[in-house]
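Let's take a friendly walk through this model together, starting with charged contacts and moving on to pockets and surface. Keep the viewer open as you read.

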Amino acid sequence: MAMLEIKDLQVYYGVIQAIKGISFEVNKGEVVALIGANGAGKTTTLHTITGLISPKSGHVIFEGKDITKVPAHKIVSMGMAHVPEGRRVFAELSVYENLKMGAYTRKDKGEIEESLNQVYKRFPRLEERKNQMAGTLSGGEQQMLAMGRALMSKPKLILMDEPSMGLSPILVNEIFDIIRSVSESGTTVLLVEQNAKKALSIANRAYVLETGKIVLSGNAKDLLEDEAIKKAYLGE
């Protein structure tokens with residue numbers, strides 16, 4: 001059974017149909033990439049999965065439960081975390097306070113402390129800057145903070161929306177190394193990313209979204225070699 005199943009999802013903004021009946025799945029332990037051009041519906045898909053947008057029809061199934069109508073905060077406590085596009089850190093709070101916000105659904109103080117130590121181990125820069133206001137961090141550091149905050153909820157599945165956006169090539173490599181290590185430590189990853197080459201290089205499988213429809217899917221390595229994909233998304 002898939003950890004996440006999306007079944008015939010249709011989403012509208014007013015009269016405009018943004019998502020046109022898509023279906024896909026993410027299995028436990030996988031990194032699955034959702035790639036496509038700007039405006040293809042990638043972010044809308046993630047927002048619908050995490051309960052920020054209600055679909056007109058279709059279903060979101062997480063670990064065998066239909067969560068289509070479950071509110072966003074309850075979805076977090078079920079084991080799903082979302083790293084939003086544009087980082088969305090709490091600028092007026094310190095790095096430490098931002099990370100603690102990520103654990104708001106958890107009760108065990110000892111376990112929260114353990115998660116905090118794990119985040120600091122994975123992102124040493126966050127520990128160095130733990131008392132700094134999040135709004136004063138660089139773009140790369142804010143991205144690390146957004147990822148660290150999501151990991152504080154101890155998710156089974158983490159959804160990442162454009163984690164490389166606006167970052168230098170060196171930082172992009174660093175962020176993707178971190179995504180790989182998050183996956184290797186047992187967290188399943190659904191990755192939305194415009195940098196298709198990078199996304200496909202770390203994913204197990206991928207789906208290609210075009211104007212609200214899935215037009216192609218398959219093994220990530222095969223898609224890297226696909227001529228149509230190369231032309232459309234890899235700039236080759």
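A salt bridge here is a side-chain nitrogen of Lys or Arg within 4 Å of a carboxyl oxygen of Asp or Glu. Keep in mind that you are looking at a predicted model. With that cut-off in hand, turn to Arg129 and Glu128, whose side chains form a salt bridge with an N to O distance of 3.3 Å. How exposed are these two partners? Arg129 is partly exposed, at 24% relative accessible area, while Glu128 is exposed, at 60%.

Arg129 has another partner to look for. Glu141 also forms a salt bridge with Arg129, and here the closest N and O atoms are 2.9 Å apart. Glu141 sits in helix H6, whereas Arg129 belongs to the loop between helix H5 (124-128) and H6, so this pair ties together parts that are 12 residues apart in sequence. Glu141 counts as buried because its relative accessibility is 9%, and the cut-off for that class is under 20%. Elsewhere, salt bridges with shared partners join Arg106, Glu111 and Lys154 into one network.

How many salt bridges are there by this rule? The count comes to 10. One that is worth finding in the viewer pairs the side chains of Arg205 and Glu30, at 2.7 Å from N to O. This pair links distant parts of the chain: Arg205 lies in strand E9 (residues 205-210), Glu30 lies in the loop between strand E2 (16-26) and strand E3 (31-35), and the two are 175 residues apart. Glu30 is buried, with a relative accessible area of 11%.

Now for the pockets. The largest pocket has a volume of about 560 Å³. Its lining is made up of 23 residues, and those nearest the centre of the pocket are Leu52, Val76, His82, Pro84 and Arg149. Which elements supply at least two residues each to this lining? They are helix H1 (42-49), helix H2 (72-77), strand E6 (80-83), helix H3 (95-102) and helix H6 (139-151). H2 gives the largest share, with four residues. Sorted by class, the lining of the largest pocket holds 12 nonpolar, seven polar and four charged residues. You have already met H6 as the helix that holds Glu141.

The second largest pocket has a volume of about 330 Å³. It is lined by 14 residues, with Ser115, Gln118, Arg122, Leu151 and Ser185 nearest its centre. Helix H4 (residues 109-122) provides the largest share of this lining, seven residues. By class, the lining of the second largest pocket divides into four nonpolar, four polar and six charged residues.

Two more stops remain. Ile53 is placed in the loop between H1 and strand E4 (57-62). Is Ile53 buried or exposed? Ile53 is buried, with a relative accessible area of 17%. From Ile53 to Met1 the C-alpha to C-alpha distance is 25 Å, and the two residues are 52 apart in sequence.

At the surface, Tyr13, Val15 and Ile16 make a nonpolar patch of about 360 Å². Tyr13 is found in strand E1 (residues 4-13). Tyr13 counts as partly exposed because its relative accessibility is 42%, and that class lies between the 20% and 50% cut-offs.

Note on methods:
Residues are numbered from 1 along each chain as its sequence is written. This is a predicted model: local features need pLDDT of at least 70, side-chain atom pairs count only at pLDDT 80 or more; totals for chains, interfaces and linings use all residues. Side-chain values use heavy atoms; hydrogens and water are left out. Patches are made of residues with over 30% relative accessible area and no salt bridge: like charges are joined within 9 Å, nonpolar side chains (Val, Leu, Ile, Met, Phe, Trp, Tyr) within 5 Å. Accessible areas come from the Shrake-Rupley method with a 1.4 Å probe; for residues, only the protein chains shown count as cover. Buried means under 20% relative accessible area, exposed over 50%, partly exposed in between (1.4 Å probe, protein chains only). On a 1 Å grid over the protein atoms alone, a cavity is a set of points where a 1.4 Å probe fits but cannot get out, and a pocket is an open set with protein on both sides within 12 Å along at least five of seven lines; lining residues have an atom within 4 Å of a point. Grid points are joined across faces, edges and corners, and a volume is the space filled by probe spheres set on the points. Ala, Val, Leu, Ile, Met, Phe, Trp, Tyr, Cys and Pro count as nonpolar, Asp, Glu, Lys and Arg as charged, and the others, Gly among them, as polar.
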